[in-house]
Amino acid sequence: MAWFKRDKAPGAADKKVKVPEGLLTKCVSCKANLLTKDLEKNINVCPQCGHHYRVSARQRIDLLLDAGSFKELDAGMTSVDVLNFKDSKSYQDRIQQAVAKGGSRDAVICGEGAIDAIPVQLAVFDFSFMGGSMGSVVGEKITRAIERGIEKRTPVIIVSASGGARMQESILSLMQMAKTSAALAKLKELGLPYISILTDPTTGGVTASFSMLGDINMAEPKALIGFAGPRVIEQTIRQKLPEGFQRAEYLLDHGMVDVIVERKDMRAKLAQILSMLYRG
Amino acid sequence: MASQYQLEFEKPVFELEQKIQELADIAADNVELKTEVAKLEKKVDKMREVIFANLSRWQMVQVARHIDRPFTLDYIKHIFTDFVELHGDRLFGDDHAIVGGMAKLDGEPVMIIGHQKGRDTKEKVYRNFGMPNPEGYRKALRLMEMAERFRMPIITFVDTPGAYPGIGAEERGQAEAIARNLREMASLTVPIVVVITGEGGSGGALAIAVGDRVLMLEYSIYAVISPEGCAAILWSDGTKGAQAAEALKLTAPDLKELDVIDEIVKEPLGGAHRDHETMAKNLHQALARHLKELKALSVEQLVEGRYQKFRKMSRFAG
């Protein structure tokens, strides 16, 4: 649930100090003044210090899959406001605004494609859609992706970037955790590889379900990964959090992820791993 | 046991009860007064009935959290025999916020797992307010896997504000522990009956709540986030719990309507905290009935049925 509260979390906001129409970007990590176009050309990774900014889901798909191999599936699914949920805005309005803003119809894009000609089912979170939160649509699309992996006997790859379960669907969002994890149980029984890629940020109910269940858990450098959001923890224990807490490197140190991979190497690393785990 | 702790909306009932008591004390052999007392007692019951039939969601949250509400160990005492508590996850430690062990239900061995809260301050701290760390979930899984090996049905009691959000919990993989339970519970080959007895607090509840049957006590709650947490996020005001409780639709009737639970177990008049024995009796009957039905299924029917049960839990368009 943490994404709503993370406006102040370190590194959460990719604050770009923009001089004439976004020509320059000041790196939040090394403070270098970068040409925005250089940053973009470098797949949103700072060419000076290697800080990984977020990338869009579409860009991620292009980065990981063989050119032209991606076929999007279940694209038309949209969330419905079953509970008639209303805070300052109705859930219905929030959905419509999110759709209008980014073009995605919900917080995950799914489909099939290939990595070095190895067929894969791929699900990529779109963090810009309501903080990548998981409601019925996200849970259903992820489950279908896993079930397609089972049916077609292909590996499954999920790239997470999410604040967790979507509050506006309350209990139904929670149930998506059980549903997706149950599908992974079936995939596991068949010995099909599941690679979970955790990117900044992955928290809450998404971490506490499929994101942590990879045969391989792979993370991007410095990605925030955790169950509870840092602020919730701070408020609960009333202590300062340790340096680097809940960052990818911290999780590696504590045995929760297998490997940290830089964005530019991600595709090659996936191909290498799949060539060993998957024999068609 | 009549509870001494009063919820705000129960106050009129308590006041009337006190007056009746006073009257009864002076009534002695006065027949007229005695009839009056009997009349008033009926009125109290009626009052309580009316109040509890019209509880708001926020009031139900308060009943679900009532300090005298039966906790897992109370149900174990009243429903089962031969309970042997088993401790530890064999990896790190023993979590006191989750209790587990084997026992007999009507003479048949079962595995019991449940959140455990405390009543006095010392016990609350000892139980970490019913908020488990990863070792609690790993203990739960160890016991569930043992149950599978020895062909014992599993019964879980859910009553937690949520999984503990702490540094140690994160370091030891709170998310992984919960996630693993979700995956493993989905494919266990023995019957699992889940009972939401009090607070069903998000992932911390779900981590022992994937079952073939999910029951909710009449005044229990179950949601993706606590009303206070939800309010803090949506209205930047943690005191707007009442509003959030309404929005979250977290009561047993709400969840029955959404087909997320199978049955609502009736509570005694005025809530489970007023009468542990009656509550336990009602629950005992429900558990026995569901286990009997589940035992008649083949392993394939059981596991695939459980998969399909959760598979269907979503609403979307397109």
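Analyst: A UniProt annotation may be inferred rather than shown by experiment, and its positions follow the numbering used here. With that in mind, the "binding site" entry, which is unreviewed, lists A:Cys27, A:Cys30, A:Cys46 and A:Cys49. The model itself is predicted.

User: What makes those four cysteines gather at one spot?

Analyst: They span 23 residues in sequence, yet no two of their C-alpha atoms are more than 8.6 Å apart, so they do come together in one place. A:Cys30, for one, sits in the loop between strand E1 (24-26) and strand E2 (33-35) of chain A.

User: Which residues does the "zinc finger region: C4-type" annotation cover, and how far apart are the ends of that span?

Analyst: UniProt, in an unreviewed entry, gives that label to residues 27-49 of chain A. The end C-alpha atoms of this span lie 9 Å apart, and the span is 26% helix and 13% strand. A:Ile43 belongs to the loop between helix H1 (36-41) and helix H2 (57-64) of chain A. Its phi is near 40 degrees, a positive value in a residue other than glycine.

User: Nice. Why is the contact of A:Glu140 with B:Arg311 called a salt bridge?

Analyst: The rule asks for a side-chain nitrogen of Lys or Arg within 4 Å of a carboxyl oxygen of Asp or Glu. For A:Glu140 and B:Arg311 the closest N and O atoms are 2.9 Å apart, so the pair meets the cut-off. Between chain A and chain B the count is 4 salt bridges, and over all chains it comes to 46.

User: How do you know that the salt bridge of A:Lys186 and B:Glu304 joins two chains?

Analyst: First, the distance: N to O is 3.0 Å for these side chains, against a limit of 4 Å. Then the location: A:Lys186 lies in helix H5 of chain A and B:Glu304 in helix H14 (residues 299-311) of chain B, so the bridge links one chain to the other.

User: How many residues does each chain bring to the contact, and what makes one count as part of it?

Analyst: The test is heavy atoms within 4.5 Å. By that test, chain A contributes 62 residues and chain B 48. The two chains bury about 4700 Å² between them, 72% of it on carbon and sulfur atoms. On the chain A side, A:Met167, A:Ile171 and A:Phe227 supply 13% of the area buried against chain B, more than any other three residues.

User: How many polar contacts are there, and which elements of chain A take part in the side that touches chain B?

Analyst: There are 16 residue pairs in polar contact between chain A and chain B, with both residues at pLDDT 80 or more. Helix H4 (136-152), helix H5 (170-189) and helix H7 (230-237) are the elements of chain A that give two or more residues to the side touching chain B. H5(A) gives the most, with 18 residues. By class, that side of chain A has 33 nonpolar, 17 polar and 12 charged residues.

User: Why do strand E4 of chain A and strand E9 of chain B count as paired?

Analyst: Pairing needs at least two bridges. Strand E4 (residues 78-79) of chain A and strand E9 (residues 316-317) of chain B have 2 bridges, in the antiparallel sense, so they satisfy the rule. One bridge has A:Thr78 partnered with B:Ala317 in E9(B).

User: What makes strand E3 and strand E10 of chain A edge strands?

Analyst: Their sheet is an open one of 7 strands, in the order E3-E5-E6-E7-E8-E9-E10 (chain A), with mixed pairing. Strand E3 (71-73) and strand E10 (259-260) each pair on one side only, and that earns them the name. E3(A) runs antiparallel to strand E5 (residues 108-115) of chain A, with 3 bridges between them. In that pair, A:Leu73 stands opposite A:Cys110.

User: What kind of peptide bond joins A:Asp200 and A:Pro201, and where does A:Pro201 lie?

Analyst: The bond is cis, with omega about -10 degrees. A:Pro201 is placed in strand E8 (residues 194-202) of chain A.

User: Last one: which residues does the "coiled-coil region" annotation cover, and how much of that stretch is helix?

Analyst: The label comes from an unreviewed UniProt entry and covers residues 16-50 of chain B. The stretch is 91% helix and 0% strand, with its end C-alpha atoms 15 Å apart.

Conventions
Residues are numbered from 1 along each chain as its sequence is written. Chains are lettered from A and ligands numbered from 1 in the order in which they are written. This is a predicted model: local features need pLDDT of at least 70, side-chain atom pairs count only at pLDDT 80 or more; totals for chains, interfaces and linings use all residues. Side-chain values use heavy atoms; hydrogens and water are left out. Buried area is the accessible area (1.4 Å probe) that two parts lose on being put together, summed over both. A polar contact is a pair of N or O atoms within 3.5 Å; within protein, one must be able to donate a hydrogen and the other to accept it, and residues adjacent in sequence count only if both atoms are side-chain atoms. Helices (H or I, at least four residues) and strands (E, at least two) are DSSP runs, numbered from the N terminus. Ala, Val, Leu, Ile, Met, Phe, Trp, Tyr, Cys and Pro count as nonpolar, Asp, Glu, Lys and Arg as charged, and the others, Gly among them, as polar.
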